[in-house]
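Reader: I would like a close look at a single part of this model, with its surroundings described carefully enough that I can follow it residue by residue. Please take one helix and work outwards from there.

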Amino acid sequence: MPGASGVDTTAGREGDKMRTRMGLLVAAALMAGSCAEEAPAGPPFRTDTSVRMLMANMVDPAADLLWDAVGTVIDETGETRWEPETEEDWLQVRLGAMAIAETANLLMMDGRARDQEQWIEMSQGMADAAMLAFAAAEAEDAEEIFDLGETVYNSCNACHGVYWIDDADRGRAVTPEP
Ligand code: HEC
């Protein structure tokens, strides 16, 4: 006999169906969402500049700003020592250190990274060394810049020893390409 409870039951069943449909919709929306997350996202970075071009035109000139900043030459006329003096000189050292550190990020980008382990570690090693040099440049500590020049040099060599191989011309003087 149809009564209030019967109507309630029907309404309840309709409600269940509704909830089920809603549930499916929510699930579909979630799946669509997770698919969208898997698609490549982020800014349209360009990586058509090769590792080699970055090395020749950015990393190497930047390292020279660091390595040439402090030095000593001893010859028959005696000892000549130089270090950054003006604010302009120090800015060049900071520029060099900062450019090396940031190039590490460029080297780690998809399309440039040769693998996801050692390459990444070595890029980070270079960035760490460069940021130490940056701090020394901020402190205008010439002695420290000289010492850290070697630390940076070692970070370059560590990677070259593993990835810059099978190149007969390795070690040649670099002529920057456009
Ligand atoms: C994460 C790895 C890595 C680090 C760190 C690295 N390099 Fe390189 N470098 C390479 C590779 C790889 C090549 C060879 C080019 C190639 O195979 O694409 C290269 C080549 C070069 C070249 C030759 C470019 C040419 O014209 O052929 C120079 C110069 C150079 N690197 C300088 C440096 C200096 C200076 C540093 C440190 C301040 C440094 N690199 C740090 C990976 C690295």
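**A bent helix and its surroundings**

Author: Helix H2 bends by about 30° at Val-59, and a proline, Pro-61, follows within four residues of that point. This is a predicted model, and what follows should be read with that in mind. The helix runs over residues 51–67, and it is one of the elements that give two or more residues to the largest nonpolar core.

The residue at the bend is itself covered, since Val-59 belongs to the buried residues of H2, together with Met-55, Ala-62, Ala-63, Leu-65 and Leu-66. Among the elements that cover these buried residues are H3, H4 and H5.

From the helix one can pass to the ligand, because H2 also supplies the largest share of the shell around the ligand, namely 7 residues. The shell holds 22 residues, of which Met-55, Ala-56, Ala-63, Cys-156 and Cys-159 come nearest to the ligand. The elements that give two or more residues to this shell are H2, H3, H4 and H5. By class, the shell is made up of 16 nonpolar, 4 polar and 2 charged residues. Two of the residues just named, Met-55 and Ala-63, are also buried in H2.

The largest nonpolar core has 26 residues, and Leu-66, which is buried in H2, is among those with the most contacts inside this core, as are Ala-97, Ile-100, Ala-130, Ala-133, Ile-145 and Val-152. Besides H2, the elements that give two or more residues to the core are helix H3 (87–107), helix H4 (118–138) and helix H5 (142–163). Of these, H4 gives the most, with 8 residues. One residue of the core, Ala-130, shows how its parts meet: leaving aside residues up to four places away in sequence, Ala-130 touches Ala-97, Ile-100, Ala-101 and Val-152.

Not every position in H4 is covered to that degree. Ala-135 lies in this helix, and with 14 other C-beta atoms within 10 Å it is partly exposed, so it falls short of the 20 or more that a buried residue needs. Ala-135 and Ala-97 are 38 residues apart in sequence, yet their C-alpha atoms are 9.0 Å apart in space. Further along, in the loop between H4 and H5, is Glu-140, whose phi is near 50°, a positive value in a residue other than glycine. Most residues other than glycine have a negative phi. Glu-140 counts as partly exposed, with 16 C-beta neighbours inside 10 Å.

The two strands give another picture. Strand E1 covers residues 71–75 and pairs with E2 in the antiparallel sense over 5 bridges, and a hairpin of 2 residues joins E1 to E2. At one of these bridges, the partner of Asp-75 is Gly-78 in E2. Of the 5 residues of E1, 0 are buried, so this strand lies largely in the open. Strand E2, residues 78–82, is hardly covered either, with 0 buried residues among its 5.

To set the helix in its wider frame, the secondary structure of the protein comes to 5 helices and 2 strands, which follow the pattern α-α-β-β-α-α-α along the sequence. Of the 178 residues of the protein, 17% count as buried. Among contacts between residues at least 6 apart in sequence, 68% join residues at least 24 apart.

Definitions and conventions. Residues numbered from 1 in each chain as written. Predicted model: local features only at pLDDT ≥ 70, side-chain atom pairs only at ≥ 80, totals over all residues. Core = buried A, V, L, I, M, F, W, Y, C linked by C-beta atoms within 7 Å. Buried ≥ 20, exposed ≤ 12 C-beta atoms within 10 Å, placed from the backbone. Contact = placed C-beta atoms within 7 Å. Near = placed C-beta within 6 Å. Nonpolar A, V, L, I, M, F, W, Y, C, P; charged D, E, K, R; others polar. Bend = angle between axes of the 7 residues up to and from the residue. Pairing = 2+ DSSP bridges.
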